[in-house]
Amino acid sequence: MPLTTASFGTKVPRIRTQEHGGTREAKLASFVLLGSVTFGAAPAYAGTSGVADEPTTQVQTSTGDSSTEASGDAGQLFLTSDEQYVQTFGAAEATKQGLTYEAVADSDSVADSAAADDTDKAVAAADSDIRESDATADDDAASDHWSVVKFVAHDKDGRYIPTRQGNRSFGWVHFSGPHNIHSEKVIKAAVNEHPERGSTKTRKVYGAVLYDTLGIILAKVKVIAQYHWETSDHKYKLADTHDKIGVITAFCQGVNKCPDALNRV
């Protein structure tokens with residue numbers, strides 16, 4: 001079956017095939033980071049199954065590495081936690097791809113660390129394009145629906161991390177539109193790891209990456225969760241003090257909006 005390529009609004013990578021002793025070898029002639037998916041490329045590492053990303057896909061979860069992959073005729077895009085990417089490709093390759101992952105063994109010890117401060121700055125920068133009027137903020141604060149849980153994830157330490165409906169200040173409403181994250185699989189993939197450097201006792205940082213069959217990272221996601229029954233500004237509180245606010249925001253590093261491909265895996 002001949003190899004094919006498909007494009008979603010951008011220049012398509014070119015693939016040429018050669019026959020060597022009956023064995024087909026696919027060679028990538030060019031590569032476009034975002035907006036296109038290559039069909040027919042073989043995984044760059046052994047032991048992971050999966051097929052191509054299409055607008056109509058059947059999503060499968062790998063039982064081996066807890067990553068998700070878009071299924072189609074051939075070729076793959078993968079979504080997995082930062083931690084799993086490092087375990088799969090190694091720390092050196094992760095660094096080469098601009099990804100750093102460091103688990104926090106004792107979250108209490110970094111409550112006032114520079115790493116936590118850097119995380120705050122990253123969140124502020126990511127959300128800088130989100131503005132709201134005082135009237136809108138007041139309306140959201142008065143809403144009875146912000147605490148509704150849309151879905152739940154658990155990290156590698158077993159922490160309960162819900163994503164709530166929220167409003168323009170935090171939660172699903174806050175990040176899904178402005179940052180173009182419309183799939184709960186993105187949040188669940190990120191939370192499926194040990195909290196990253198920058199986490200504190202009451203705030204947890206998680207990450208996920210979207211990458212292709214060569215291990216090239218196309219998008220880096222950060223998820224920030226409030227592991228407490230009230231928000232840090234004390235504005236929103238849950239009735240049960242043992243409950244958790246959960247995901248405050250999620251965004252792709254370095255861009256205002258995540259690529260559409262992120263929501264198709």
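Where in the chain does His234 lie? His234 sits in the loop between β11 and β12. The views below take up this loop and other parts of the predicted model.

**Figure 1. Overview of the predicted chain.** The chain holds 6 helices and 12 strands. Of its 265 residues, 45% are buried. Contacts with a separation of 6 or more were sorted by distance along the chain, and 57% of them join residues 24 or more positions apart. The exposed area is about 12900 Å². Carbon and sulfur atoms supply 49% of that area.

**Figure 2. Confidence along the chain, with residues 1-64 in view.** The average pLDDT of the chain is 75. A score of at least 70 is reached by 63% of the residues. Over residues 1-64, pLDDT stays under 50. The model has 145 contacts beyond four places in sequence for this stretch.

**Figure 3. The largest nonpolar core.** This core has 28 residues. Those with the most contacts inside it are Ile181, Ile187, Leu210, Val221, Val223 and Leu262. Strands and helices both contribute: β7 (77-81), β8 (149-154), β10 (203-212), β11 (217-226) and β12 (246-252) each give two or more residues, as do α5 (171-176) and α6 (184-191). Another core, of 10 residues, lies apart from it. Tyr85, Phe89, Tyr101 and Ile217 are among the residues of that other core. In soluble globular proteins, nonpolar side chains tend to be buried together.

**Figure 4. Close-up of Ile181 and its contacts.** Residues up to four places away in sequence are not counted here. Ile181 touches Trp172, Phe175 and Ser176. Val186, Ile187 and Val221 are also among its contacts. So are Ala250, Phe251, Cys258, Leu262 and Asn263. Two of these partners, Ile187 and Val221, are named with Ile181 among the residues with the most contacts inside the 28-residue core.

**Figure 5. The Cys252–Cys258 disulfide.** The count for the chain comes to 1 disulfide. The sulfur atoms of Cys252 and Cys258 are 2.1 Å apart. The link is right-handed, with 115° about the S-S bond. Are its two ends buried or exposed? Cys252 has a relative accessible area of 3%, so it is buried. Cys258 also has a relative accessible area of 3%, and it too is buried.

**Figure 6. Strand β12 and its pairing with β11.** These two strands run antiparallel over 6 bridges. Val221 has Cys252 in β12 as its bridge partner. Cys252 thus appears here as well as in the disulfide with Cys258. β12 is mostly covered, with 7 of its 7 residues buried. The loop between β11 and β12 holds His234. His234 is not a glycine, yet its phi is positive, about 65°.

**Figure 7. Asn180 in the loop between α5 and α6.** Phi of Asn180 is near 60°, a positive value in a residue other than glycine. Is Asn180 buried or exposed? Its relative accessibility is 11%, so Asn180 counts as buried. Neighbours within four places in sequence are left aside in the contact list. Asn180 is then in contact with Phe175, Lys257, Cys258, Pro259, Asp260 and Asn263. Pro259 is 79 residues from Asn180 along the chain. Their C-alpha atoms are separated by 7.4 Å. Cys258, another contact of Asn180, is one end of the disulfide.

**Figure 8. Strand β7 beside β10.** The pairing is antiparallel, over 5 bridges. Ser81 stands opposite Ala208 in β10. Why is β7 described as largely enclosed by the rest of the structure? The reason is that 5 of its 5 residues are buried. β7 and β10 each give two or more residues to the 28-residue core.

**Figure 9. Helix α1 and what covers it.** Helix α1 spans residues 82-89. It is mostly covered, with 6 of its 8 residues buried. The buried residues are Asp82, Glu83, Gln84, Tyr85, Val86 and Phe89. Their cover includes β7, α2 (91-96), β10 and β11. Two of the buried residues in α1, Tyr85 and Phe89, belong to the core of 10 residues. Gly90 follows α1 and has a positive phi, near 95°.

How values were computed: Residues numbered from 1 in each chain as written. Predicted model: local features only at pLDDT ≥ 70, side-chain atom pairs only at ≥ 80, totals over all residues. Heavy atoms only, no water. Helix = DSSP H or I, 4+ residues; strand = E, 2+ residues; numbered from the N terminus. Buried < 20%, exposed > 50% of the residue type's maximum accessible area, 1.4 Å probe, protein only. Contact = heavy atoms within 4.5 Å. Areas by Shrake-Rupley, 256 points an atom, 1.4 Å probe, with all protein chains shown as cover. Core = buried A, V, L, I, M, F, W, Y, C linked by side-chain atoms within 4.5 Å. pLDDT = per-residue confidence, 0-100. Disulfide = S-S within 2.5 Å. Pairing = 2+ DSSP bridges.
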